[in-house]
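Student: I should like to examine how the descriptive terms applied to a structure follow from its computed values. Could we proceed term by term?

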Amino acid sequence: MTTYTSDQRRHTSETAETMADVRYEIDRIDRLLVEILAERQSFMDAAARIKPDRSKVYDADRIEDVVAKVKAACQGAGLSPAIAEPVWRKLIERCIAYEFGSYDTRRGGDV
Ligand SMILES: O=C(O)C(=O)C[C@]1(C(=O)O)C=C[C@@H](O)C=C1
């Protein structure tokens with residue numbers, strides 16, 4: 001199971017006073033995002049292993065389902081959907097490319 005390593009939080013957005021404070025927290029959060037995205041990526045390998053054929057890697061209905069769920073989560077979390085939606089659409093696009101690569105590597109390039 002993935003465990004996330006995190007540097008100590010020093011400030012909240014309200015207590016930060018200098019740009020050094022702000023950038024320490026942004027850099028800390030970015031390292032956490034990298035760990036979380038690496039875990040998400042690992043499930044593309046699982047999907048490539050489980051999906052019965054290559055035509056299932058790209059799933060338009062599932063893409064819209066993922067984006068809708070992310071937008072719903074944004075409301076509770078206070079994340080701007082204007083940030084989230086394009087980020088997730090690009091993330092999914094790159095995850096699909098990764099999943100195709102994983103699928104082809106696993107199946108020896110057979111289609
Ligand atoms: O849910 C899936 O079927 C996935 O493989 C995950 C994922 C994603 O990155 O969210 C990637 C490829 C699919 O086309 C849809 C969604």
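**From values to terms**

Tutor: Let us begin with Tyr58, which is partly exposed because 14 other C-beta atoms lie within 10 Å. The model is a predicted one.

Student: What makes 14 other C-beta atoms a case of partly exposed for Tyr58?

Tutor: A buried residue needs 20 or more such atoms, and an exposed one has 12 or fewer. The 14 of Tyr58 fall in between, so Tyr58 is partly exposed. Tyr58 belongs to the loop between helix 1 and helix 2. Its C-alpha atom is 20 Å from that of Ala38, with the two positions 20 residues apart in sequence.

Student: Why does Arg94 count as partly exposed?

Tutor: Arg94 has 13 C-beta neighbours inside 10 Å. That count is above the limit of 12 for exposed and below the 20 needed for buried, so the term partly exposed applies to Arg94. Arg94 is part of helix 3, and its C-alpha atom lies 9.7 Å from that of Gln41, although the two are 53 residues apart in sequence.

Student: Which class do Val22 and Arg31 receive?

Tutor: Val22, in helix 1, has 13 C-beta neighbours inside 10 Å and therefore counts as partly exposed. Arg31, also found in helix 1, has 13 C-beta neighbours inside 10 Å and so counts as partly exposed. As for distances, the C-alpha atoms of Val22 and Lys51 are separated by 43 Å at 29 residues along the chain, while those of Arg31 and Tyr4 are separated by 9.5 Å at 27 residues.

Student: Let us turn to the helices. Why is helix 2 called roughly antiparallel to helix 3?

Tutor: The axes of helix 2 (residues 60-77) and helix 3 (residues 81-106) cross at roughly 150° and come within 10 Å. Angles over 145 degrees count as roughly antiparallel, so helix 2 and helix 3 receive that term. The crossing of helix 2 past helix 3 is right-handed. Helix 2 contributes Ile63, Val66, Val67, Val70, Lys71 and Cys74 to the contact, and helix 3 contributes Pro81, Ala84, Glu85, Trp88, Arg89 and Ile92. By class, these residues are nine nonpolar, no polar and three charged.

Student: What makes helix 1 and helix 3 oblique to each other?

Tutor: The axes of helix 1 (residues 19-50) and helix 3 come within 8 Å, with a crossing angle of roughly 45°. Angles under 35 degrees are roughly parallel, and 65 to 115 are roughly perpendicular. Roughly 45° falls in neither range, nor over 145, so helix 1 and helix 3 are oblique. Helix 1 also passes helix 3 in a right-handed crossing. Gln41, Met44, Asp45, Ala47, Ala48 and Arg49 of helix 1 make the contact with Cys95, Tyr98, Glu99, Ser102, Tyr103 and Arg106 of helix 3. This contact has six nonpolar, two polar and four charged residues.

Student: Which residues are around the ligand, and which element gives the largest share of the shell?

Tutor: The ligand is surrounded by Ala47, Tyr58, Asp59, Arg62, Ile63, Val66, Ile92, Cys95, Ile96 and Glu99. Helix 2 and helix 3 are the elements that give two or more residues to this shell. Helix 3 provides the largest share, four residues.

Student: How is the shell around the ligand divided by class?

Tutor: The shell has seven nonpolar, no polar and three charged residues.

Technical notes
Residues are numbered from 1 along each chain as its sequence is written. This is a predicted model: local features need pLDDT of at least 70, side-chain atom pairs count only at pLDDT 80 or more; totals for chains, interfaces and linings use all residues. Axes are lines fitted to C-alpha atoms, for helices over the stretch in contact, and angles run from 0 to 180 degrees between N-to-C directions. A crossing is left-handed if the near helix is turned anticlockwise from the far one by less than a right angle, and right-handed if clockwise. Two residues are in contact if their C-beta atoms, placed from the backbone, lie within 7 Å. Ala, Val, Leu, Ile, Met, Phe, Trp, Tyr, Cys and Pro count as nonpolar, Asp, Glu, Lys and Arg as charged, and the others, Gly among them, as polar. A residue is near a molecule or strand if its C-beta atom, placed from the backbone, lies within 6 Å of it.
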